[in-house]
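Subject: Structure handover

Hello,

Here is the structure I said I would pass on. Please look it over before reading my notes, which follow below.

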Amino acid sequence: MSARTPLHLAAEIGGPPHYDAGHYLRLARLAEGGALDFVTLGDSFARPGLDALAVLARIAPATDRIGLVPTVTTTHTEPFHVSSAVASLDWVSKGRAGWHAEVSTTEAEARLFGRRLAAPPAELWQEAGEVADVSARLWDSWEDDAEIRDTATGRFIDRDKLHYVDFEGSTFTVKGPAIVPRPPQGRPVTVIDAIGVPSREAAARHADVIHIRATTPEQAAALRDELRTKAAAHGRDPDALRVLVALTVDLGDVESAPEPGLESGPQLAGRGTYFRGGPVDLADLIAQWHRAGAVDGFHLTPITPERDLERIVNGTVALLQHRSLFRTFYPGGTLREHLGLVRPASRYATARAASASSASSKEV
């Protein structure tokens with residue numbers, strides 16, 4: 001990866017539960033002021049709190065450019081509803097939505113629903129990959145110009161441009177088509193943590209953005225290369241992946257010498273590598289790893305969002321911008337544009353066009 005490859009930065013705005021959407025809005029606007037690619041809002045069936053997707057739907061009209069990525073648990077939920085909810089977020093945000101796919105592994109969480117017992121992680125991540133697959137198919141099931149809205153004839157849609165997905169997974173089937181028109185981005189951005197081995201296959205097959213955990217640039221580069229190779233084996237363009245190092249940050253201390261390579265930093269399960277230091281230290285580390293070609297960027301989780309996100313934006317990000325390592329404004333309006341990802345064509349529209357072209361050739 002060239003040192004000139006754009007650096008991507010994202011931040012988590014969750015933490016202890018808050019029941020005031022204004023709290024999350026202030027953090028999202030702060031991140032937007034730093035031109036971060038997106039913010040995430042964690043969610044889980046294992047703890048109380050507001051629904052992350054609903055909160056970000058509230059935040060969407062009150063922000064302009066920042067990408068909005070809620071955690072959506074695929075276990076115990078209906079894939080059709082997941083697809084519809086994420087598509088709706090993309091519409092209300094005008095193309096700035098993503099979703100962070102997660103699974104639910106405990107019996108306590110399973111009992112909340114009473115539908116089935118907890119399953120091994122490998123099975124849950126296979127199901128999560130299938131949810132990502134069918135969601136993409138449902139988003140494609142409306143062609144971009146399927147809506148007619150012709151009041152003179154009373155026609156709202158061209159039914160020839162709506163398609164059944166007829167998907168059969170290991171634990172569910174979905175006929176389709178979607179009930180929400182094709183999202184502004186075509187397909188909202190899919191984010192998956194490849195921190196554990198069971199999720200790595202689903203990430204390589206379906207994710208646009210992949211979070212990894214690494215303690216050295218060399219380890220990060222090796223994981224990134226592995227994921228790109230896996231993606232290529234699935235017929236995907238590895239250059240369409242964005243691999244971010246997940247880093248939990250504590251910027252409460254005064255400036256101090258950073259822990260070299262983070263080798264001695266304590267690990268926080270499921271949250272990536274832990275960094276403790278000052279904003280300048282963090283900027284130096286990000287610059288070093290990115291210049292080494294190890295990563296596409298970082299997903300930063302502040303230990304104390306109200307304090308540390310401000311120091312990330314006004315300290316770390318401002319310094320990276322001063323060094324011309326990170327943008328100072330958003331060049332586009334959608335999350336895909338922030339990430340340098342193309343808007344995909346509907347697979348059904350492409351197939352229909354190919355079929356029509358073939359038929360025309362035979363007639364000639």
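The quantity to start with is pLDDT, the predictor's confidence in each residue, on a scale from 0 to 100. What you have is a predicted model. The chain has a mean pLDDT of 91, and 91% of the residues are at 70 or more. Residues 256-271 are a stretch to handle with care, since pLDDT stays under 50 there. The model nevertheless gives this stretch 37 contacts beyond four places in sequence. Where pLDDT is low, predicted coordinates should not be read in detail.

Helix packing

I went through three helix pairs, two of which involve H1.

H1 covers residues 21-33 and H2 covers residues 52-59. Their axes come within 10 Å and cross at roughly 65°. Angles from 65 to 115 degrees count as roughly perpendicular, so H1 is classed as roughly perpendicular to H2. The crossing of H1 over H2 is right-handed. On the H1 side the contact uses Ala-21, Tyr-24, Leu-25 and Ala-28, and on the H2 side Val-55, Arg-58 and Ile-59. Sorted by class, this contact of H1 with H2 contains 6 nonpolar residues, no polar ones and 1 charged residue.

H1 also packs against H9, which spans residues 305-322. Here the axes come within 9 Å, with a crossing angle of roughly 15°. The two helices, H1 and H9, are therefore roughly parallel, and their crossing is left-handed. From H1, the residues involved are His-23, Leu-27, Leu-30 and Ala-31. They meet Pro-305, Glu-306, Leu-309, Glu-310, Val-313 and Asn-314 of H9. The contact of H1 with H9 divides into 6 nonpolar, 2 polar and 2 charged residues.

The third pair is H3 (residues 79-92) with H5 (residues 121-140). The axes of H3 and H5 come within 9 Å and cross at roughly 55°, and the pair is therefore oblique. H3 passes H5 in a right-handed crossing. H3 contributes Pro-79, Phe-80, Val-82, Ser-83, Val-86 and Ala-87 to the contact. H5 contributes Val-131, Val-134, Ser-135, Leu-138 and Trp-139. By class, the contact of H3 with H5 holds 9 nonpolar and 2 polar residues, with no charged ones.

Salt bridges

Side chains of opposite charge can pair when their charged atoms come close. Counting a side-chain nitrogen of Lys or Arg within 4 Å of a carboxyl oxygen of Asp or Glu, the total is 20 salt bridges. One of them is formed by Asp-140 and Arg-182, whose closest N and O atoms are 2.8 Å apart. Asp-140 belongs to helix H5, while Arg-182 is in the loop between strand E8 (173-174) and strand E9 (189-193), so the pair ties together parts that are 42 residues apart in sequence.

Backbone details

Which bond in the E8 to E9 loop deserves a look? It is the peptide bond joining Gly-176 and Pro-177, which is cis, with omega at about 0°. Pro-177 is in the loop between E8 and E9. Lys-94 is a residue other than glycine with a positive phi, near 60°. Lys-94 sits in the loop between H3 and strand E4 (98-102).

Regards

Methods: Residues numbered from 1 in each chain as written. Predicted model: local features only at pLDDT ≥ 70, side-chain atom pairs only at ≥ 80, totals over all residues. Heavy atoms only, no water. Contact = heavy atoms within 4.5 Å. Axes fitted to C-alpha atoms, helices over the stretch in contact; angles between N-to-C directions. Helix = DSSP H or I, 4+ residues; strand = E, 2+ residues; numbered from the N terminus. Parallel < 35°, antiparallel > 145°, perpendicular 65-115°, else oblique. Left-handed = near helix turned anticlockwise from the far one by under 90°. Nonpolar A, V, L, I, M, F, W, Y, C, P; charged D, E, K, R; others polar.
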